[in-house]
Structure formats: C-alpha cells, structure tokens
Amino acid sequence: MNSTNIQFHDLHSTRDEFLEDVLQGLRNRPASIPPKYFYDAKGSKLFDAITELPEYYPTRTEIQILKTNADEIAQRVGTGSLLVEPGGGSCAKVHILLEGLRPCAYVPMDISSDHLQLAAQELAIAFPWLEIHAACTDFTREMQLPPSAPKGTHVAFFPGSSIGNFDPQAAVTFLDSIVELVGSGGYLLIGVDLKKDKAILEAAYDDASGITARFNLNLLERINRELGSDFDLESWHHRALYNETAGRIEMHLVSTQTQDVRIVQHTFSFDRGESIHTENSYKYSADEFIAMARQAGFQSQALWIDENNLFSVHLFRAEDSKIV
Ligand code: AVJ
C-alpha cells in the first residue's frame with residue numbers, strides 16, 4: 001500500500017561476527033556476551049513483552065513524558081529535520097513525535113532486520129506523508145546514514161535508556177559519534193533511566209512472570225540455533241542485581257551445575273555457580289548524564305522527568321565548537 005516510501009538498506013552484521021563475539025566473550029572470565037545479540041526475532045518479541053510488564057516502568061514512563069512534552073520538543077527542535085533513530089527497530093515511540101516534528105525523513109537503524117521491516121511498514125501506513133529510510137545496521141559498530149537520505153537539521157532520537165548498555169566511558173564515545181552524526185547545531189533527544197531504590201530496579205529486571213528470564217535465556221537458545229552450540233537451557237538460570245557502586249543493573253546467566261558447552265570446535269567449561277554476564281544497564285542522575293554529554297560536546301537544552309522521579313528525557317544540542 002504505502003510501502004513505496006520505504007527504502008530498505010541491509011548493512012547488518014554477519015554470522016561470523018556473531019560467532020567471533022560469542023567465542024571471545026566466553027573466553028573472558030567472567031564470561032560475557034554482548035547484549036545486542038538479545039534481539040533476534042524471538043528476543044525482540046520478548047523485549048516488547050517486557051515493556052508491558054507491571055514491574056518494567058521505563059517504557060510507559062518515557063512514553064508519558066514524551067506525550068506530555070511533545071509540543072515543547074517540537075517547538076525547540078523545529079520542523080523539517082532529518083530524524084535518525086539508532087536502534088529504532090520497533091519504531092514504537094517515534095510516532096509520538098512525528099506530527100509535531102514533521103521531519104523531512106525518518107531513518108530507523110536496527111540490527112534486527114525482520115523486526116525493523118515490519119515496524120517500518122506499519123509506520124508507513126500510519127504516516128503516509130513520511131519518507132522512511134530503514135537501515136539494517138549494527139549501530140554499535142558504525143552509524144552511517146544511507147547516502148540517499150534527504151538533508152535537514154539532524155535530530156538523533158535515542159529513547160529507552162539504551163545508552164545504559166554502554167559503560168560510562170563507551171557511552172561518551174557513543175555520544176561523540178552522535179555529535180559526529182548530527183553535526184554542530186544538530187540535536188539529540190535521549191531517554192535515560194534514573195538512579196533509584198534498589199528494590200524497584202531489581203523487580204524491573206526480574207519480573208514475577210519470568211519474561212525477563214526468558215529474554216535472557218533466549219540468548220543461549222539463539223546461539224544454539226544460529227551457531228550450532230549445545231547449551232542445555234535447563235542448567236542455566238536468570239539473575240538480575242543492582243550493583244550500587246557501579247550504578248548499574250547486571251544481568252547474568254548462572255550455571256546450575258559443572259558443565260561443558262561446545263560451540264563449533266570449541267569447548268567451554270563452567271563451574272556450578274559460574275555466570276555469563278549478559279547485560280549492564282547503567283542508571284544516571286540528571287546531573288551525571290548532563291556532565292557526560294557535555295564531555296562529548298553536547299549542551300543541555302531541556303530536561304523532563306516524571307512526577308515519580310523514575311525516568312528522564314534530555315534534549316541536547318551539539319555545540320558549534322567542542323569545549324575541551
Ligand atoms: C533496551 C537496554 C534499555 O536496560 O532496560 C530490559 C534492556 N534488559 N530488561 C534495559 C532490558 C532487560 C533495556 N534496554
């Protein structure tokens with residue numbers, strides 16, 4: 001129907017990169033696997049289910065903040081911009097901004113190709129006037145705009161506190177790359193989860209219905225499926241904890257017994273109680289985050305927080321010349 005205004009660019013990472021990342025991560029002690037691999041088709045569906053959980057406050061809180069302040073956001077940013085969303089595979093929040101922003105084009109970038117295509121198609125039907133350039137790419141490796149994307153003030157939209165997956169130092173490097181992407185005078189609208197009570201945080205990452213556990217375990221299922229390994233899903237369990245010193249939620253898969261796992265010709269041994277670290281989700285106070293963005297060359301323009309102090313949305317502008 002309206003799928004004529006979608007251009008699809010497949011720049012995604014290969015199976016070889018996936019294998020390399022998994023092998024390298026499992027050689028580390030503590031073992032780890034990058035969280036970006038959660039999002040195959042099943043993982044993306046499970047993540048969507050997480051966002052609806054009663055315990056998982058970030059999504060609904062951020063949506064409420066965006067809705068309440070959509071007019072002010074549009075006033076500050078203006079219309080006709082090129083709206084880029086790294087990791088925007090589900091195109092779920094951008095619709096709140098589209099009527100106000102009226103961008104010249106929308107560029108969602110995501111590693112999960114199927115999810116991205118479906119979501120872009122739905123968005124195109126809901127917003128027939130919108131030009132969409134869907135780019136299937138791993139934005140943690142490179143963030144390139146499709147060459148055919150039209151020109152306009154660049155606005156990066158990075159909701160969901162996805163920034164929390166990076167270590168603070170890597171987060172600054174990522175913010176640097178956003179400054180590069182949007183150029184001076186460009187904007188970043190970003191959602192950042194706030195530091196808060198440990199009990200609220202831990203419940204959000206270890207829900208009563210076990211969806212987050214399934215999301216975490218799907219990583220091993222995916223590795224079995226795509227890389228031909230033999231993880232026994234019964235002998236791993238989900239753990240989420242708030243590391244207060246580091247200011248981050250940590251997700252782990254804990255081995256319930258001593259075991260060997262084979263991936264192609266490699267064997268990895270795990271003791272009982274040993275874990276694979278699968279995700280960090282850093283939490284920042286508003287001031288901490290503004291200081292971090294400043295290091296990258298972003299100046300704070302506006303800050304919105306919900307009435308329960310759960311979640312923040314920042315608007316930054318890339319400075320004309322970086323202050324060091
Ligand atoms: C998509 C990285 C923002 O850290 O809250 C949710 C991922 N993991 N539940 C988060 C996640 C477990 C989520 N981010």
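The following exchange goes through a predicted model and asks what stands behind some of the terms used for it.

User: Why is Ser255 called buried?

Analyst: Buried means under 20% relative accessible area. Ser255 has a relative accessibility of 1%, so it counts as buried. The residue is found in strand S9, residues 248–255. Leaving aside neighbours within four places in sequence, Ser255 is in contact with Ser235, Trp236, Phe270, Asp271, Arg272, Gly273 and Glu274.

User: What makes the approach of the Ser255 side chain to the backbone oxygen of Gln257 a polar contact?

Analyst: The cut-off for such a pair of N or O atoms is 3.5 Å. The side chain of Ser255 reaches that oxygen of Gln257 at 2.5 Å, so the pair is within the limit.

User: Why are Cys104 and Cys136 put in which classes of exposure?

Analyst: Partly exposed is the range between the 20% and 50% limits. Cys104 has a relative accessible area of 24% and is therefore partly exposed. Cys136 has 0%, so it is buried. As for disulfides, a search of the whole structure finds zero.

User: What makes S2 and S8 the edges of their sheet?

Analyst: The sheet is open and has four strands in the order S2-S12-S9-S8, with mixed pairing. Strand S2 (31–32) and strand S8 (236–243) each have a single partner strand, so one side of each has no neighbour in the sheet.

User: How do you know that S2 and S12 are paired?

Analyst: Pairing needs at least two bridges between the strands. Two bridges join S2 to strand S12 (residues 275–282), so the requirement is met. These strands run parallel. In S12, His277 is the bridge partner of Ser32.

User: What makes S10 and S11 a pair, and which way do they run?

Analyst: Five bridges join strand S10 (residues 259–263) to strand S11 (residues 266–270), and the strands run antiparallel. The requirement is at least two bridges, so S10 and S11 pair. Val261 has Phe268 as its bridge partner in S11. The hairpin has two residues between the strands, and Val264 takes a positive phi near 40° there.

User: How do you know that Tyr56, Glu279 and Ser281 make polar contacts with the ligand?

Analyst: The limit is again 3.5 Å between N or O atoms. A polar side-chain atom of Tyr56 is 2.5 Å from a ligand oxygen atom. For Glu279, the distance from a polar side-chain atom to a ligand nitrogen atom is 2.6 Å. An N or O atom in the side chain of Ser281 lies 2.7 Å from an oxygen atom of the ligand. Each distance is within the limit, so these are polar contacts. The protein covers 96% of the 350 Å² of accessible area that the ligand has on its own. Around the ligand are 14 residues, the closest being Tyr56, Gly160, Tyr205, Glu279 and Ser281. Helix H2 (41–50), helix H8 (211–227) and S12 each supply at least two residues of this shell.

User: Why are the phi values of Arg102 and Ser161 singled out?

Analyst: Most residues other than glycine have a negative phi. Phi of Arg102 is near 40°, and phi of Ser161 is near 60°. Arg102 is in the loop between helix H4 (95–101) and strand S4 (105–110), and at 38% relative accessible area it is partly exposed. Ser161 is in the loop between strand S6 (154–158) and helix H6 (168–182), and at 8% it is buried.

Note on methods:
Residues are numbered from 1 along each chain as its sequence is written. This is a predicted model: local features need pLDDT of at least 70, side-chain atom pairs count only at pLDDT 80 or more; totals for chains, interfaces and linings use all residues. Side-chain values use heavy atoms; hydrogens and water are left out. Buried means under 20% relative accessible area, exposed over 50%, partly exposed in between (1.4 Å probe, protein chains only). A polar contact is a pair of N or O atoms within 3.5 Å; within protein, one must be able to donate a hydrogen and the other to accept it, and residues adjacent in sequence count only if both atoms are side-chain atoms. Contact means heavy atoms within 4.5 Å. A disulfide is a pair of cysteine sulfur atoms within 2.5 Å. A residue is near a molecule or strand if one of its heavy atoms lies within 4 Å of it. Accessible areas come from the Shrake-Rupley method with a 1.4 Å probe; for residues, only the protein chains shown count as cover.
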